[in-house]
Amino acid sequence: MILLASATGATETHWSFRPVKRAPIPVADDRTANPIDAFVHARLQEQGLKFSPEAPREVLIRRLYLVALGLPPSLEEINAFLADSHPDAWDHLVDRVLASPHFGERWAQHWIDIIRYAESDGFEGNPLREDAWHYRDYLIESFNDDAPYNQFVQEQLAGDAMHTDVATGYLVAGACDKVTTADLPSMLTQRQDELADIINTTGTALLGLTLGCARCHDHKFDPVTQQDYYAIQAVFAGVRHGKRPIAASNFVAQRIGELDTHTAELWRELADHLPASREGAYVFLDDNSIWSGRGVAHNQPAEQVAYPKPPKDNAPEDPATVHLPVEVSGGHYARWHAEGNNPVMTYRPLVRGRHQLFVSWAASQMYTDGPARYVLDQDGNAETTADQRVLLTVDQAELAGGAPAPTGEATWSGLQKAGVYDLEPENTVLLYAAGPGAHVTADLLVFRSVPGDHPPAAWIRPKINSRRNVEIFPPLKTQSVRLTLLATTDGDDSIVVDELEVFSENRNVALASNGGVPSSSGAPFNSDAHKTEFINDGQYGNERSWSSWGVKTGWVQVDFPKPQTIERVEWGRARSGSHRDRVPTRYRVEVMLETGRWKEVSSSENRLPSCAFRPGQPELDPGKLPEVAQGRWEALLETQRQEKTFREGLAYVGRFEHPGPTHVLNRGDAMQPLAEVAPGAIESLGAGGMAPDTPEQQRRIALGRWITRSDNPLAARVVVNRIWQHVFGTGIVGTPSDFGTAGSPPTHPQLLDWLATELVNSAWSLKQVHRMILTSQTFRQDNRPRAKALAVDADSRLLWRFPPRRLEGEAIRDSILVAADVIDYAMGGPGFSGHDVQVKVDIDFLPKEVYGPEDFRRMIYMTRIRQEREPVFGIFDCPDNTQVTASRGQSTTPLQALNLANSSFMVGQSKLMAQRIESSRSGSRNRVEYAYRLAFGRPADRLEIDAAVEFSDQHELWMLCRALLNTNEFVLIP
């Protein structure tokens, strides 16, 4: 083991730990205006080498676009550059490329590799992080805006203190095992692993050091002690994986506006197809109405009796349609037992106006006590009979419509019309058995409103469900909305609601951020999950909900700062579906009128009753909608999901808490704490310690400032080396994340330091470094090999030519989309999936077989799944983001060739490219010549055209397109 004294000595001898010094620019006979060329030329001269000639212009523009943007230039851009004779044409082209919004997309891709960013947790379950994309968008915006790199680094560590909350997504970009254990050693080790991931990434990404080696002992090669490691751990000890609110970006604000408009359009289109809360059908289902208070059982309480579900079309008069259920009780009906001549059930519909009545019963030839009767009582007093009239006499041995019940079976009768009646709220419906001691088994009463001679499409609204319930009513003006809960699922002792939303033209006016003030009947209690203020905080989930706390009834209310015209209320138990207990079964929604009295605008009265409650049932079954409305309903749900994601302002960017003391751990064992350590960094590199009680946020601020201070020998060197690496394929230092003594030495040490000082002197502008490299003669060299130079420098590390290399998988895919002219350049927001996602016990990410326009965005916007690679292009050495990837490999495998030739994606894109060509060119030779230009950005020669025409005539044009997209010329940076 190398002891501390030896490791500390490395700070004096190893090149990367010595101060950065700006070397003088070498003088050469053919020195150019670009200092980079002077340094490279001097190094070449040492080996008896020289620059290669400049590459042709069509090669240069293609190289520039692929390197800086990850996209090929358009034919129009190529032609414009070839025609530009201005002496500064190249410099102007570089400036335009660096100003492109696609620049940020390209360089965000590289940074994502470095910090192992993905949008799932990893480990066994690998659940998705649906709000992680905000950090990806922040990266793109930062690189496009050329944010100073020192500021960028400080934001990664402490963006919550710099008005860039989203930047701390860096801290939680790695994997996280959310499956916890009660075993203390396992729990503590799991937390140590989580912190180690943050420390290791910070060391490799920002400092080029393998800090993780010091977790168990002093670093064997570099001047990093175990004390340093745990001092850095103390900095990050308050970081926790999870979401927190962030300020809306310009993109998010714009997207919310677009979604608002789209939502409003969809609601208007669906208005004639969705159920209004106070119109349509009213329902009575066996014993449920006793619980609701609208029905009264006489003599003997209801008894649940099992009957099989009915066969289809079992009653000629059954009006079951999209608006009326075929059967709702799930095969369980209530059997009533008569005592004397009294009714077994009294039911008060509580409706006014003209209504069509339907009744139903359980039909069986095995068991019947004679005909039962439904009677309408005008005054609601069963004692007075003069105002009563028989609505329907029911023979329980028959189905509705008179057909005999199936022999030896018991089933639902179906719905039978029982006439049209003018009802008043005091009316009641009485159910009589055949006589004293007889039984009657009932099921469903439906009252369908009949306005005038043209009855509307009545609707029985869905059952209350745990996720989302929508109440629609005519617009009215109010300043207060109250949701009163009257009952809950059987056996629960309280009711829970996670959000009460009130909409005025699709704006949630109930939100606390919009001035909504909540109040409730729930008494305060010690719970972090259930509070009155959570009812309108804009966040869903059990951990941010309101509870009636200990009782099965209660109310919750939101008051607005000023009167609002509202038309819709939405609420649920747990929008995510995570909880299905304590769900309301009865409720009413009221608004306060200007007179000060409350008006009921919606309730559970016209919903399918919940006596056979099935948690998690969707709010609406799209299959029961008219076909014209089904697609719009699905679009509405997706639009609302996206809008909610944007509006709630939550992002997976970590949470912070003040940590307890941090201890050095003996051999890294969480169960063997040694001395307490204060927060700090690497002492041998000049890091000052902090007080043990330094506030959590200040610790991260101090570390960010230390990393980016002007005399830190590592930060600037590391990042300019990464830029060099991504331009030329290999960095000046070939181990870009290890600048320690075990890493490789720089090929151009003076150039590396000159670039590092240039970065700092140019206000840490990364684009300035890019500009210098891309405008250099070094970058513009031809790529053709020379035997003498290959013998001296086979890997072209000294840059006697531009080293050609294969594009990354993402850039290959994007270039194919460009060639087919189907690429969607939309920036930002939630990504598209590269897999067929199937949710079972865990989530399965299966290969896609069918691709559509939603899959044609740039691959930077594909949802990155840890431990998984995109099925077609992931095989091109794309990392799975379980660990930091400092540089990608360049493997060549049979699977790469098979995927690029035979995948359904490639076949589809080849055909789309052929359609593009055929729609704009006629004649085989013209089409072939155009295909070459689209694929390679250059004209084809005569031999190529002759061979391609013969091939395409024999095998179709799309087969030629597929062949071109599979060539080295297409997938290489020239």
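Among contacts in the protein (heavy atoms within 4.5 Å) between residues at least 6 apart in sequence, 77% join residues at least 24 apart. The model is predicted: local features need pLDDT of at least 70 and side-chain atom pairs count only at pLDDT 80 or more, while totals for chains, interfaces and linings use all residues. Residues are numbered from 1 along each chain as its sequence is written, and side-chain values use heavy atoms, with hydrogens and water left out.

Start with the whole protein selected. It has 25 helices and 31 strands, taken as DSSP runs (helices H or I, at least four residues; strands E, at least two) numbered from the N terminus. Of its 974 residues, 56% count as buried, meaning under 20% relative accessible area with a 1.4 Å probe and protein chains only.

**Stop 1: α3 and α5**

Select residues 57–68 for helix α3 and 89–98 for helix α5. Their axes come within 11 Å and cross at roughly 25 degrees; axes are lines fitted to C-alpha atoms over the stretch in contact, and angles run from 0 to 180 degrees between N-to-C directions. That angle makes α3 roughly parallel to α5, a label for angles under 35 degrees. α3 passes α5 in a right-handed crossing, that is, with the near helix turned clockwise from the far one by less than a right angle.

Now show side chains. On α3 the contact is made by R57, L60, I61, L64, Y65 and A68, and on α5 by A89, W90, L93, V94 and V97. By class this contact has 10 nonpolar, no polar and one charged residues. Here Ala, Val, Leu, Ile, Met, Phe, Trp, Tyr, Cys and Pro count as nonpolar, Asp, Glu, Lys and Arg as charged, and the others, Gly among them, as polar.

**Stop 2: α5 and α17**

Keep α5 and add helix α17, residues 766–774. The axes of α5 and α17 come within 10 Å and cross at roughly 145 degrees, and the crossing is right-handed. W90, V94, D95 and L98 of α5 meet K767, H770, R771 and L774 of α17. This contact has four nonpolar, one polar and three charged residues.

**Stop 3: Q396**

Move to the loop between β10 (388–394) and β11 (410–412) and select Q396. At 4% relative accessibility, Q396 counts as buried. Add H439: the side chain of Q396 reaches the backbone oxygen of H439 at 3.5 Å. Then add A362, which is 34 residues from Q396 in sequence and 6.7 Å from Q396 in space, C-alpha to C-alpha.

Methods: Parallel < 35°, antiparallel > 145°, perpendicular 65-115°, else oblique. Buried < 20%, exposed > 50% of the residue type's maximum accessible area, 1.4 Å probe, protein only. Polar contact = N/O pair within 3.5 Å; in protein donor to acceptor, adjacent residues only side chain to side chain.
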